[in-house]
Amino acid sequence: MANVVIIGTQWGDEGKGKIVDLLTQYADCIVRFQGGNNAGHTLVVDGKQFIFHLIPSGILYEKKKCYIGNGVVIDPAVLIGEMQKLEANGLPVTPERLMLSANAHLIMPYHKLLDGCSEAALKAGKKIGTTGRGIGPCYGDKILRCGIKLGDLLDDALFREKLQANIEEKNFLFTKKFGADPVAFDAIYSEFQKHLELLAPYIGNVSVELDRARKGGRHILFEGAQGTQLDIDHGTYPFVTSSNTVAGNACIGSGFGPAHIDAVVGILKAYTTRVGEGPFPSELFDATGDALQQKGGEFGATTGRKRRCGWLDAVVANDAVRLNGVTGFAITKLDVLSGQPTLKIATAYEEGGERLTAMPCNIRRTERLKPIYEEMPGWSEEIRHAKTPDDLPAKARDYVKRIEEITETPAMILSVGPGREETMLIKNPFEK
Ligand code: IMP
């Protein structure tokens, strides 16, 4: 029995989807614990494409049970859309296969509108570049203790009361602050009654079920979304998402005790990308950056925006090792670096005459960081055929070894292409 957390070590889009898919075969239960449909990954199975924003991709595999924990924010229309798409492809999502935490908060229509209004009101340079899915306003209400939980839908009087209070408050903001139209109680109420009809059988106590699964010797995989530098506490605030993306939140966001976590896999892209605004010290603004963007197919899975690209940042990787307790890396997209004559790794930053080896807390400082690079020769060969590390060119092995040395963390998995078979499982985190 082993329980494994997977998290992104950079700014998201590290290729978690593929590694989660790979490791799902060793797990019995797959759990989302934070974020919402700001996340997204695409899987192609038997020639059919599936895009997942909320439901763990483990749903594609019979006998695996998927959970959406209390730490996730749920847009019910998106969730139902994903369930219907799966059903249309002959994969019915039954309550035996998916449980939703009654404590998960609901993304309401006014959250999405507020996300748009708040971003539009920010001046250039201050915009976060959110995905516009209502994530921040929903988590905001949760913290302010006025949010609506999925389980509240089961108590009609409670739901009506909370919806009414929220609508009054939000309409004040829409009409007085943003000059926007108010939202109507009746339309939202009846929309959510329809959602309830479909979702009621799936609502349950995820914490209790996971505890039962653990005691029954089941393997549990906790699937993080976004990345460490987007963490609300530890990331490049305010250019972050509104949840804790670090491994510790796997426990909080699902109701699972921390002593039962056995391994933390940090997904590390072999270079760095960021989508949305905010500091990015090793960003490239030249042909090399464009080449990584093109070869890596770097477009956001949720918004389709072009991702910003840069060299691997080992300060970011080391921050992630410390913040998440990473026990091993899955290094992804190593193949994208093929053909680069020289590779650079940022090992520290310079700012104000000081050498820094961790991301500073002050956002103004993060915007002025100058990366200090070490250089390594690249390799010219394509490497997608490699089945074991020994099949890689020596310079590719050296690059991986250098990452392991700088971060003092082993590479457990190497990914050299988008396909499942283009992966080397050096050490299985489910094997103790
Ligand atoms: P939000 O999560 O929609 O509020 O967006 C806040 C910031 O997080 C923006 O910079 C987004 O681009 C970024 N972000 C949110 N989700 C993801 C993701 O899954 N991958 C990469 N960036 C993300």
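Domain bounds here come from an automatic or database domain assignment. The model is predicted: local features need pLDDT of at least 70, side-chain atom pairs count only at pLDDT 80 or more, and totals for chains, interfaces and linings use all residues. Residues are numbered from 1 along each chain as its sequence is written, and side-chain values use heavy atoms, without hydrogens and water.

**Exercise 1. Explain why the ligand lies between the two domains.**

Step 1. Take the division of the protein: domain 1 is 3-96 + 205-425, and domain 2 is 105-202.
Step 2. Place them. Their C-alpha centres are 29 Å apart.
Step 3. Look at where they meet. In contact (heavy atoms within 4.5 Å) are 32 residues of domain 1 and 24 residues of domain 2.
Step 4. Both domains give residues to the shell around the ligand, so the ligand lies between them.

**Exercise 2. Describe the shell around the ligand and its polar contacts.**

Step 1. Count the residues near the ligand (a heavy atom within 4 Å). There are 15, and the closest are Asn38, Thr131, Thr241, Val275 and Arg305.
Step 2. Sort the shell by class. Six residues are nonpolar, seven polar and two charged.
Step 3. Find polar contacts (N or O atoms within 3.5 Å). The side chain of Thr131 has an N or O atom 2.6 Å from a ligand oxygen. For Thr241, a polar side-chain atom is also 2.6 Å from an oxygen of the ligand. For Arg305, the distance from such an atom to a ligand oxygen is 3.0 Å.
Step 4. Check the cover. On its own the ligand has 470 Å² of accessible area (Shrake-Rupley method, 1.4 Å probe), and the protein covers 96% of this area.

**Exercise 3. How many disulfides does the structure have, and are Cys117 and Cys309 buried or exposed?**

Step 1. Recall the bond. A disulfide covalently joins the sulfur atoms of two cysteines.
Step 2. Apply the cut-off, sulfur atoms within 2.5 Å. The whole structure has zero disulfides.
Step 3. Test Cys117. The closest cysteine sulfur, in Cys138, is 16 Å from its own, too far for a bond.
Step 4. Use relative accessible area: buried is under 20%, exposed over 50%, partly exposed in between (1.4 Å probe, protein chains only). Cys117 is buried because its relative accessibility is 18%. Cys309, at 3%, is buried too.

Methods
A residue is near a molecule or strand if one of its heavy atoms lies within 4 Å of it. A polar contact is a pair of N or O atoms within 3.5 Å; within protein, one must be able to donate a hydrogen and the other to accept it, and residues adjacent in sequence count only if both atoms are side-chain atoms. Ala, Val, Leu, Ile, Met, Phe, Trp, Tyr, Cys and Pro count as nonpolar, Asp, Glu, Lys and Arg as charged, and the others, Gly among them, as polar.
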